Amino acid sequence: MVVLDRYPALKYPLYRRYWLASLASVGGWQISALAMGWLIFELSGSALDLGILGAATAIPAILLTLVGGVIADRFEKRQVLLWTTSLNALLLLSLAALAYTEVVTVWHIWLIAGAISCVSGVDWPTRQSFFPHLINREALLSAVALNSVLWQATRMILPAIGGVLLAVTHVAVVFGLAAAGYLTMLAVITTINLRLPGSQAESVIRQTAQGLQFIMQQRMFRSLILLSYASMFFLSSYMQLMPAFADLFNAGPTGFGFLMSATGVGSLLGTAASGALKIERNYGRLMLLAALVATLFLFAFAWAAQLPSYTLGLLFVVAGASGTSVFLILSTTALQAQVPDELRGRVMGIHGITYSLMPLGALFTGALAGEVGVPPALMISLGCYLLLLGVLAGSAPEVRNMAPPDSDAEDTRTPQTVRQ
């Protein structure tokens, strides 16, 4: 089949089951996030309360990532995933019960969102250190792309479905369905007969230090993680400010919805292209070029908002989101291919902070927008990223001259992890 040829990770039965189960749990998260925001605004009508919800979903995960990476490397990974998935399902079922009995308050939602974020600080690095053992090395790029597809596709489709469910059913039903997604993941994990014991030879503090020390000593890891952080902080923060851009385009709520969908379409296109790429040389240059192209198209998006031209804005945001997606997938694949197994949870957990930085970047860009306007604020933010990209491209030949992940290189994972 063409799909299996382009995305060879799907040829592995264990990974295929794991990916489909992840689709259910990620979908559960997407509709639960939508329902939490809707319920908070229904209860209080406060934009500030929505902002606090964003902080509750991002900050605990950032703070706990180091500990989560240590847990992923210290304990048996499948057991960790069973616990984190069970806890998320339990938290969402609790929120469903609170909503159904109509005793739910804003602080209940904040508390449960924060608790889910804490669990995610352990769950995310564990997932990142688990799935490479379900495939062989040559399928790694396609697996990273497919993992990204989970988020992009559900971000495009499930908010619309969730909105319909909120309109025709009780919000408790949405939280219940979100919990069902995690329960599906839980059921599938129990069928994956794979044991990946961790190492408790060192203390927790020592293991944490080892992860940080590895990144600081490896310039390629240091540079790529820094660029990944910056891409979300400076490059992607515009998504949080999209209501303001929709207002500049005089687009109304429907136009705003299309702008948000355009970011999902662009990300999905970039993800699909990355997973199907057969890169034989110039891997590092292609990765940096994708980041540059994304930046230039987002400059064009800010310019289109000043005209204003809604059609150009839609086209430029699709292209910008696509370039960002290509950069993130190629850089994540490079890290996954070269990180030692015994450090995978800690290193990829630190890298995973990337995806929690968008709300903080939006605070930076939003503060600038209050002084200079929204499009100029985005241009300043993009300029910061462009400066960093230029410095690292010029000073880090390990990144610029990076070769493709070598399928012929020795695979240090034990054979039984990819044989099933």
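This passage walks through a predicted model of one protein chain, from its overall make-up down to individual side chains.

The overall picture comes first. The chain is built from helices, 18 of them, with zero strands. Of its 420 residues, 53% are buried. Contacts reach a long way along the sequence: taking pairs of residues at least 6 apart, 87% of the contacts join residues at least 24 apart. The accessible surface adds up to about 17,600 Å², and carbon and sulfur atoms account for 68% of that area.

Helix H9 is a handy place to start looking inside. H9 covers residues 219-235, and its 17 residues should span 24 Å at 1.5 Å a residue; the C-alpha atoms at its ends sit 22 Å apart, which agrees with that expectation. Since 13 of those 17 residues are buried, H9 is largely enclosed by the rest of the structure. Ser-231 belongs to this helix, and with a relative accessible area of 0% this serine is buried. Setting aside neighbours within four places in sequence, Ser-231 is in contact with Ser-236, Phe-327, Leu-328 and Tyr-385. Not every residue of H9 is hidden in this way, though: Arg-219 has a relative accessible area of 33% and is partly exposed.

Arg-219 also leads into the salt bridges, of which the model has two. One of them joins Arg-219 to Glu-398, with 3.0 Å between the closest N and O atoms. Glu-398 sits in helix H17 (residues 397-400) and Arg-219 in H9, so this pair ties together parts of the chain that are 179 residues apart in sequence. Glu-398, at 35% relative accessibility, counts as partly exposed. The salt bridge between Asp-123 and Arg-127 has its closest N and O atoms 2.7 Å apart. Here both partners lie in helix H5, four residues apart, or about one turn of the helix. Asp-123 and Arg-127 are both buried.

Helix H5 (residues 106-130) also holds Gln-128. At a relative accessible area of 7%, Gln-128 falls under the 20% cut-off and is therefore buried. Outside its neighbours within four places in sequence, the contacts of Gln-128 are with Thr-332, Gln-336, Arg-344 and Met-348.

Aromatic side chains come next, and the structure holds nine aromatic pairs. One of these is formed by Phe-245 and Phe-301, a tilted pair with 4.8 Å from centre to centre and 45° between the planes. This pair links distant parts of the chain, as Phe-245 is in helix H10 (residues 242-248) and Phe-301 is in helix H12, 56 residues apart. Phe-245 counts as buried at 0% relative accessibility, and Phe-301 is buried as well, with a relative accessible area of 0%. Both rings belong to one aromatic cluster, made up of Tyr-238, Phe-245, Phe-249, Phe-301 and Tyr-310.

Another phenylalanine worth a look is Phe-175, in helix H7 (residues 171-189). Phe-175 has 0% relative accessibility and counts as buried. Not counting residues up to four places away in sequence, Phe-175 touches Ser-32, Ala-35, Met-36, Leu-39, Leu-92, Leu-95, Ala-96 and Ala-99. Between Phe-175 and Tyr-100, which are 75 residues apart along the chain, the C-alpha separation is 9.8 Å.

Back on the outside, there is a nonpolar patch on the surface. Leu-286, Leu-289, Leu-292, Val-293, Leu-296, Phe-297 and Leu-386 make up this patch, and together they offer about 500 Å² of accessible area. Helix H12 (residues 283-306) supplies the largest share, six residues. Leu-386 is found in helix H16 (residues 374-395), and at 30% relative accessibility Leu-386 counts as partly exposed. H12 thus turns up in two settings: the helix contributes to the nonpolar surface patch, and it also carries Phe-301, a buried residue.

Key. Residues numbered from 1 in each chain as written. Predicted model: local features only at pLDDT ≥ 70, side-chain atom pairs only at ≥ 80, totals over all residues. Heavy atoms only, no water. Patch = residues over 30% accessible without salt bridge, like charges linked within 9 Å, V, L, I, M, F, W, Y side chains within 5 Å. Areas by Shrake-Rupley, 256 points an atom, 1.4 Å probe, with all protein chains shown as cover. Salt bridge = Lys/Arg side-chain N within 4 Å of Asp/Glu carboxyl O. Buried < 20%, exposed > 50% of the residue type's maximum accessible area, 1.4 Å probe, protein only. Expected span 1.5 Å × (residues − 1). Phe/Tyr/Trp six-rings, centres within 6.5 Å; stacked < 30°, edge-to-face > 60°. Contact = heavy atoms within 4.5 Å.
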